[in-house]
Amino acid sequence: MVNKLSEKGIAMAFASSVAIAYIICFLIVILAGNSALGFFNLFMHGIDISSLSTTPNILNGIIGIVIAFIASYLIGWIFAWIYNKSAK
């Protein structure tokens with residue numbers, strides 16, 4: 001018998017991990033400015049994202065982290081739920 005995963009535990013762990021990554025990314029953008037833009041261009045497989053650049057502000061950062069946390073919590077919960085259903 002396979003152990004069941006805690007849906008709430010997995011959801012919270014995933015959401016917390018995404019929130020931490022989001023905060024680190026946001027701080028890099030605020031502190032490094034255009035250098036950060038060049039760095040994140042590397043993640044886009046050479047696509048130039050400089051035209052998407054805006055001036056970061058704290059309110060947008062807070063809204064973004066809340067949305068990322070909620071979305072990743074739901075994804076983590078769904079992942080654990082599917083795992084538990086298929087592991088029977």
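Is W77 buried, exposed or partly exposed? In this predicted model, W77 comes out as partly exposed, with 34% relative accessible area. The legends below start with the whole chain and then move in on single spots.

**Figure 1. The whole chain is a run of three helices with zero strands.** Follow the sequence from start to end and you read α-α-α. The chain's radius of gyration is 17 Å, well over the 12 Å that the globule rule gives for 88 residues, so the chain is more spread out than a compact globule. Its C-alpha trace spans about 50 × 30 × 15 Å along the principal axes. Buried residues account for 20% of the 88 residues. About 6600 Å² of the chain is exposed, and carbon and sulfur atoms supply 74% of that area. Take the contacts between residues at least 6 apart in sequence: 79% of them join residues at least 24 apart.

**Figure 2. How far to trust each part is a matter of pLDDT, and the chain averages 90.** On top of that mean, 99% of the residues reach 70 or more. Which helix has the lowest confidence, and which the highest? The low end is α2, with a mean of 80, and the high end is α3, at 96. As a rule of thumb, where pLDDT is low, the predicted coordinates should not be read in detail.

**Figure 3. W77 and W81 form a stacked aromatic pair.** Five aromatic pairs are counted in this model. In the one shown here, the W77 and W81 rings sit 6.4 Å apart, centre to centre, with 10 degrees between their planes. That angle counts as stacked because the planes are under 30 degrees apart. Both tryptophans belong to helix α3 (residues 58-86), where they are four residues apart, about one turn of the helix. An α-helix has 3.6 residues a turn, so residues three or four places apart point the same way. As for solvent, W77 is partly exposed at 34% relative accessible area, and W81 is partly exposed too, at 38%.

**Figure 4. F39, F40 and F43 make up an aromatic cluster.** Ring pairs are what link these three phenylalanines. One of them, F40, is also among the buried residues of helix α2, so it turns up again in the next view, counted there because its relative accessible area is under 20%.

**Figure 5. Helix α2 (residues 34-41) has a buried side.** Which residues of α2 are buried? They are A36, L37, F40 and N41. These four cover an arc of only 145 degrees around the axis, which puts them on the same side of α2. Part of their cover comes from α1 (7-32). S35 is also in helix α2, but S35 counts as exposed, because its relative accessibility is 56% and the exposed class begins over 50%. Its C-alpha is 22 Å from that of A19, a residue 16 places away along the chain.

**Figure 6. I10, in helix α1, touches residues from far along the sequence.** Leaving out residues up to four places away in sequence, the contacts of I10 are L5, G76, F79 and A80. I10 and I75 are 65 residues apart in sequence, yet their C-alpha atoms are 9.4 Å apart in space. I10 is classed as partly exposed because its relative accessibility is 27%.

**Figure 7. V18 is another residue of helix α1.** What does V18 contact, leaving aside its neighbours within four places in sequence? The partners are A68 and S72. V18 is partly exposed, at 24% relative accessibility. For a sense of scale, look across to S51: V18 and S51 are 33 residues apart in sequence and 25 Å apart in space, C-alpha to C-alpha.

**Figure 8. N84 is a buried residue of helix α3.** Its relative accessibility is 5%, so N84 counts as buried; the cut-off is under 20%. Which residues does N84 touch, not counting those up to four places away in sequence? The contacts are K4, L5 and E7. L5 also appeared in the I10 view, as one of the residues that I10 touches.

Notes:
Residues are numbered from 1 along each chain as its sequence is written. This is a predicted model: local features need pLDDT of at least 70, side-chain atom pairs count only at pLDDT 80 or more; totals for chains, interfaces and linings use all residues. Side-chain values use heavy atoms; hydrogens and water are left out. Rings of Phe, Tyr and Trp (its six-membered ring) pair if their centres lie within 6.5 Å; planes under 30 degrees apart count as stacked, over 60 as edge-to-face and the rest as tilted. Helices (H or I, at least four residues) and strands (E, at least two) are DSSP runs, numbered from the N terminus. Buried means under 20% relative accessible area, exposed over 50%, partly exposed in between (1.4 Å probe, protein chains only). The radius of gyration is taken over C-alpha atoms; the globule rule is 2.2 Å times the number of residues to the power 0.38. Contact means heavy atoms within 4.5 Å. Accessible areas come from the Shrake-Rupley method with a 1.4 Å probe; for residues, only the protein chains shown count as cover. The arc is that of the directions from the helix axis to the C-beta atoms. pLDDT is the predictor's confidence in each residue, from 0 to 100.
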